[in-house]
Amino acid sequence: MPSILFKCIPFIHPKPHPFPLSHLTAMCTKTKTRLRGVVFDMDGTLTVPVIDFSSMYKAVLGETEYRRIRQENPSGIDILHLIESWSPDEQRKANEIILDFERLGRERLQIMPGAAELCGFLDSKKIRRGLITRNVKEAVDLYHQRFEIVFSPALSREFRPYKPDPAPLLHICSTWDVQPNEVMMVGDSLKDDVACGKRAGAFTCLLDEKGRYGSADFTELDLEPDFKVASLAEVHSLLETNFDLMP
């Protein structure tokens with residue numbers, strides 16, 4: 001856990017607040033902690049969700065096996081880790097299916113609303129930007145090229161072990177020469193992004209556009225993000241309100 005120097009209290013108010021963070025789970029006061037870097041997930045965070053993961057899993061597992069595993073893992077299926085125990089031939093076929101879905105996703109790639117503005121804000125504050133994704137390097141390169149927003153380091157699934165293992169986030173912290181508790185992990189997956197951030201000792205921000213996650217989910221996985229937002233636009237105010245952003 002990061003060494004938090006401020007106390008969090010419920011964010012409840014009857015009148016509009018100067019910082020309209022209506023979807024945040026907490027409002028923090030007192031001494032602000034210094035923030036030196038923000039690391040983003042890519043699919044569903046920096047990009048509009050376009051990959052149909054349920055269809056991908058069904059194509060890899062088959063309908064019956066998908067339903068069985070989904071019932072045993074209501075929080076989600078970790079397909080990459082699951083197929084690691086398969087035979088080489090089964091893994092090859094599974095990876096071909098996954099790559100086909102990801103290729104279709106690259107053809108429909110769209111930047112998430114608020115991503116460019118948030119990155120510009122971080123640049124203005126001289127706060128580093130990194131990226132960790134379970135997608136392939138080709139997808140990261142396309143994002144950099146198409147939207148002309150570059151993250152460094154940008155770690156794809158070629159970097160092992162991948163999320164939710166904290167290794168990629170710790171690697172970025174080491175590269176930046178900062179402590180994990182000076183960094184925030186932002187992503188749309190509780191089991192991958194928030195878990196990765198928590199295990200590394202970083203602050204975590206869950207992007208939950210459609211209100212998928214609630215207290216029951218946090219309890220089930222024993223994972224609760226430090227912050228929860230419904231859009232990247234809210235992260236801007238969150239950072240200014242809760243952190244010391246001085247260079």
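**Notebook: helix 1 against helix 2, then the pockets**

I looked up helix 1 and helix 2 and found that their axes come within 7 Å and cross at roughly 120°. That angle makes helix 1 oblique to helix 2, since 65 to 115 degrees would count as roughly perpendicular and over 145 as roughly antiparallel. I noted the crossing of the two helices as right-handed. The model I am reading is predicted.

Next I listed the contact. Helix 1 brings Ser54, Tyr57, Lys58 and Leu61 to it, and helix 2 brings Glu63, Glu65, Tyr66 and Ile69. I sorted these contact residues into four nonpolar, one polar and three charged.

I then turned to the pockets. The largest pocket holds about 1200 Å³ of space. I counted 47 residues lining the largest pocket, and those closest to its centre are Phe53, Tyr57, Asp188, Ser189 and Arg212. Tyr57 therefore turns up twice in my notes, in the contact of helix 1 with helix 2 and close to the centre of the largest pocket.

Which helices each supply at least two residues of the lining of the largest pocket? I wrote down helix 1 (53–61), helix 2 (63–72), helix 3 (79–83), helix 4 (88–107), helix 8 (190–200) and helix 9 (215–221). By type, I have the lining of the largest pocket as 20 nonpolar, nine polar and 18 charged residues.

Last, I looked up the second largest pocket, with a volume of about 210 Å³. Of its 14 lining residues, Asn73, Ser75, Gly76, Asp78 and Lys191 are the closest to its centre. Helix 8 gives the largest share of the lining of the second largest pocket, three residues. I recorded that lining as seven nonpolar, three polar and four charged.

Definitions and conventions. Residues numbered from 1 in each chain as written. Predicted model: local features only at pLDDT ≥ 70, side-chain atom pairs only at ≥ 80, totals over all residues. Heavy atoms only, no water. 1 Å grid on protein atoms, 1.4 Å probe; cavity = no way out; pocket = protein on both sides within 12 Å on 5 of 7 lines; lining within 4 Å. Points joined across faces, edges and corners; volume = space filled by probe spheres on them. Helix = DSSP H or I, 4+ residues; strand = E, 2+ residues; numbered from the N terminus. Nonpolar A, V, L, I, M, F, W, Y, C, P; charged D, E, K, R; others polar. Axes fitted to C-alpha atoms, helices over the stretch in contact; angles between N-to-C directions. Parallel < 35°, antiparallel > 145°, perpendicular 65-115°, else oblique. Left-handed = near helix turned anticlockwise from the far one by under 90°. Contact = heavy atoms within 4.5 Å.
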